[in-house]
Amino acid sequence: MADDFNTESMLDMYLFENGQLLEQLQETVLEQKDAECFDEDSINEIFRTMHTIKGSSGIMMFDNITAVSHKLEDIFYYLRESHPDNVPHVELVEHVLEVEDFISNEMEKIRSGDPVDGDASGIIADLDKFLDMIKNGGAPTGENAPPENVHEEPKHFYIAPVATAASRFYKIFITFFPETEMANVHAYKTVYALKEIAEDILYSPEDILTDEKSGEIIIKEGFRILLQAQCTEQEVRDLIGVGYDIEKVEVYECDANQFLLGFDFGDQEAAPAPQIDLEASVETIEAKAEEAQKEKTEEKKPEAPKITPGDFVIQSKEPGKQKKLAKDKPKGEKASFISVNVSKMDQLMDLIGELVISESVVLQNSDLKVPGLNLDNFNKAAAQLASISTDLQNVIMSMRMVPLTNTFQKMNRIVFDVSRKLGKDIEFVMVGENTEVDKNIIEHISDPLMHLVRNSVDHGIESNEDRAAKGKTEKGKVTLSARTEAGKVWISVEDNGTGLDREKIIAKARKQGILDPGKPDAAYTDKEVYQFITLPGFSTNEQVTEYSGRGVGMDVVVQNIQAIGGALEIESTPGLGSVMSLKIPLTLAIIDGIVMEVGTSSFVMETGVIKQFIRVKEDMMVHEPNGDEFVMIRGECYPVIRLGRWYGLEDYQESVEDGVMLILEVEDKKVCLLVDKLVGEQEIVVKPIPSYIKKVKGLSGCTQLGDGSIALILDAPGLVE
């Protein structure tokens, strides 16, 4: 039966849970990187995290991850038990992050199906040296030293009982949340954790790995463990721990005879459990249990179960009243969160998109345009359908929204690593990290943010010596902030460094032939000058560094941001610092758009970039000799793009008086777009342009309209630039 066990599901659970643990580990460490030492709660949390990762990795037989996790666990075990002084905090932070990087890289190999063959020997050797150093730096020795955190891999989970005078016996009953997936694997992890202290251990169901159905039994009836060990009840509870999967842990200490009776897994409802006073002695409780068992035997009910600790559930008591034990367990509340595979969310989002398209097909059906039809009832039903589909779309969109916290924490890590290597004293501040955006958006902005943050640390913030020479007394600071505004998310990277040098950028632009020969330098605004650094190959740095300078990689930043309909804005004050802001949409899936026609072709433009619709007269047009056209509207001159001429279409309106002008605004740049006519406003499901079609400037995707035809979605930044 072992061959039938779904190891792929175990692997998915392993990757998910350990990924969550590593994110929490990095967040905990980075939060206290500037402190003098880790506080007690953090030490305990890191110890538990590494203990869990070690156990689950041992189950999955990833020996290198198990070894490095155990070695870091040793260090925090020593810190927890001995409380040594003079521990190099920054060095310890670096060791923890190094281990986190190693485990993350190995898990990425697992996801990719590559061999998990990373060599952890160097990291383990460094951790050994660090542990020896803090042990020899004034830590208690001799009798006061804590026992070694020894991990020995047993050949079997069942260990032959060798009871001594120090041995203690426990019956343990574990209740999992009803929503827990693969409860048998979680139960196995619990046994794996207990086996380190066990002299003897038995559990039921015993076939938790060879029978997947045991997970359902565990959820329904609970998981029972018999444990013989030389430890206290609290140590047992600490090893098991109540978490997001385990709802309740009951530990009942008994004598050797009770232990040898084992568990009888009969019908849980066959006989009521006796009421027992928890404040009575253990002997009294045992006597009542034996008496109850004797009564069952006399009644000749061999099928009734023995009374075991798992049959008792503590009921809370009010002050002044005795506690009661009862067989009936109160129904626990359901967990607040469940985990859903991202691919299922993507599939659900696709189905919602198809629903929106189908709704348009129904409501715009040509059969409804027959004269004389009474559509009052249909229109009422259609309005209700539209309301429900909109609510459904909003709910699904909210489910896809995730906070920027993890992305911001990654930037925190980059600032820590780069500033340490460059020898700069830099403070990192996060503002609005709980802002939520679509998960697909987060995947697109991670790399651009990394470039911007690295540039700020490397060439934005001066060295400590330069800051002192300039009279800057405050520490270097990088602030990463996020906010939402008008359906957009603004993410800014701000530093209090040297700022951008306008004259240096203009000199470099002139050297590369970017400037207009007939335009004086003073005619360029600061915003236009700063945008030069986003051009491919543009850099003002005289020397290439490991982390490059402002401009190297900036063109990649702009391309990635524009690919999702975003934009980059740059502001800078010489000597005081720079602010680089990403303006990105909240989501990529469904947008509000205006449908328009040019000739026989249909196009869609996002509503947010359209500032005005206007009809113009021919006498408002200005025609340049080189073919460029402009229009004067209320004293302002706007460049004109004839969409039909732009894409070489046929049968479009040549006369501006027969068409409609759309005034578009992107990053303070305005342009007038001439189209033949407007069709109406509609929810647009964004579909990517197939990869076999060459990328066309000014187009970002396509969509299906209500009549089944295809419309191209216009990319406003691509048209305006």
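The legends below accompany several close-up views of one predicted model.

Residues are numbered from 1 along each chain as its sequence is written, and side-chain values rest on heavy atoms, with hydrogens and water left out. Because the model is predicted, local features need pLDDT of at least 70 and side-chain atom pairs count only at pLDDT 80 or more, whereas totals for chains, interfaces and linings use all residues.

**View 1. The whole chain, with its 20 helices and 24 strands.**
Helices (H or I, at least four residues) and strands (E, at least two) are DSSP runs, numbered from the N terminus. Of the 721 residues of the chain, 45% count as buried, where buried means under 20% relative accessible area, exposed means over 50%, and partly exposed lies in between (1.4 Å probe, protein chains only). The chain exposes about 38000 Å², of which carbon and sulfur atoms supply 51%; accessible areas come from the Shrake-Rupley method with a 1.4 Å probe, and for residues only the protein chains shown count as cover. Among the contacts in the chain with a separation of 6 or more, 71% are made by residues 24 or more positions apart, a contact being heavy atoms within 4.5 Å.

**View 2. The open sheet of 6 strands, in the order β16-β20-β21-β19-β18-β17.**
The pairing in this sheet is mixed, and two strands are said to pair if DSSP finds at least two bridges between them. Its edge strands are β16 (610–614) and β17 (621–623), each of which pairs on one side only, and the twist averages 30° from one strand to the next. Angles run from 0 to 180 degrees between N-to-C directions, with axes taken as lines fitted to C-alpha atoms, for helices over the stretch in contact. Strand β19 (residues 636–642) and strand β21 (residues 669–675) pair in the parallel sense over 3 bridges, and Ile641 stands opposite Leu673 in β21.

**View 3. Glu629 in strand β18, and Cys672.**
Glu629 lies in strand β18 (residues 629–633) and, at 10% relative accessibility, counts as buried. Not counting residues up to four places away in sequence, Glu629 touches Met621, Val622, His623, Tyr638, Pro639, Val640, Arg642 and Arg645. The side chain of Glu629 also makes a polar contact with the side chain of His623 (3.1 Å); a polar contact is a pair of N or O atoms within 3.5 Å, and within protein one must be able to donate a hydrogen and the other to accept it, while residues adjacent in sequence count only if both atoms are side-chain atoms. The C-alpha atoms of Glu629 and Cys672, 43 residues apart along the chain, are separated by 10.0 Å. Cys672 is buried, with a relative accessible area of 0%, and its sulfur is 9.2 Å from the closest cysteine sulfur, in Cys637, which is too far for a bond. The structure holds 0 disulfides, a disulfide being a pair of cysteine sulfur atoms within 2.5 Å.

**View 4. The open sheet of 5 strands, with helix α11 lying across part of it.**
The order is β22-β14-β15-β24-β23, with mixed pairing, and the edge strands, β22 (677–685) and β23 (699–704), each pair on one side only. Neighbouring strands are turned by 35° against each other on average, direction ignored. Strand β23 pairs with strand β24 (residues 710–714) in the antiparallel sense over 5 bridges, and the bridge partner of Gln704 in β24 is Ile710. Helix α11 (residues 342–363) lies across β14 (590–598), β22 and β23, and runs at about 150° to β22.

**View 5. Strand β2 and the cis peptide bond between Ser204 and Pro205.**
Because 6 of the 7 residues of strand β2 (residues 198–204) are buried, this strand is largely enclosed by the rest of the structure. β2 pairs with strand β3 (residues 223–229) in the antiparallel sense over 6 bridges, and Gln228 in β3 is the bridge partner of Asp200. The cis bond joining Ser204 and Pro205 has an omega of about 0°, and Pro205 has its place in the loop between β2 and α7 (214–221).

**View 6. The loop between α3 and α4, and His89 in helix α4.**
His83, in the loop between α3 (63–82) and α4, has a phi near 50°, a positive value in a residue other than glycine, and counts as exposed at 53% relative accessibility. Asn86, in the loop between α3 and α4, has a phi near 60°, likewise positive in a residue other than glycine, and is exposed, with a relative accessible area of 72%. His89, found in helix α4 (residues 89–112), is buried, with a relative accessible area of 8%. Not counting residues up to four places away in sequence, His89 touches Gln32, Lys33, Ala35, Glu36, Cys37 and Phe38; of these, Cys37 counts as partly exposed, at 48% relative accessibility.
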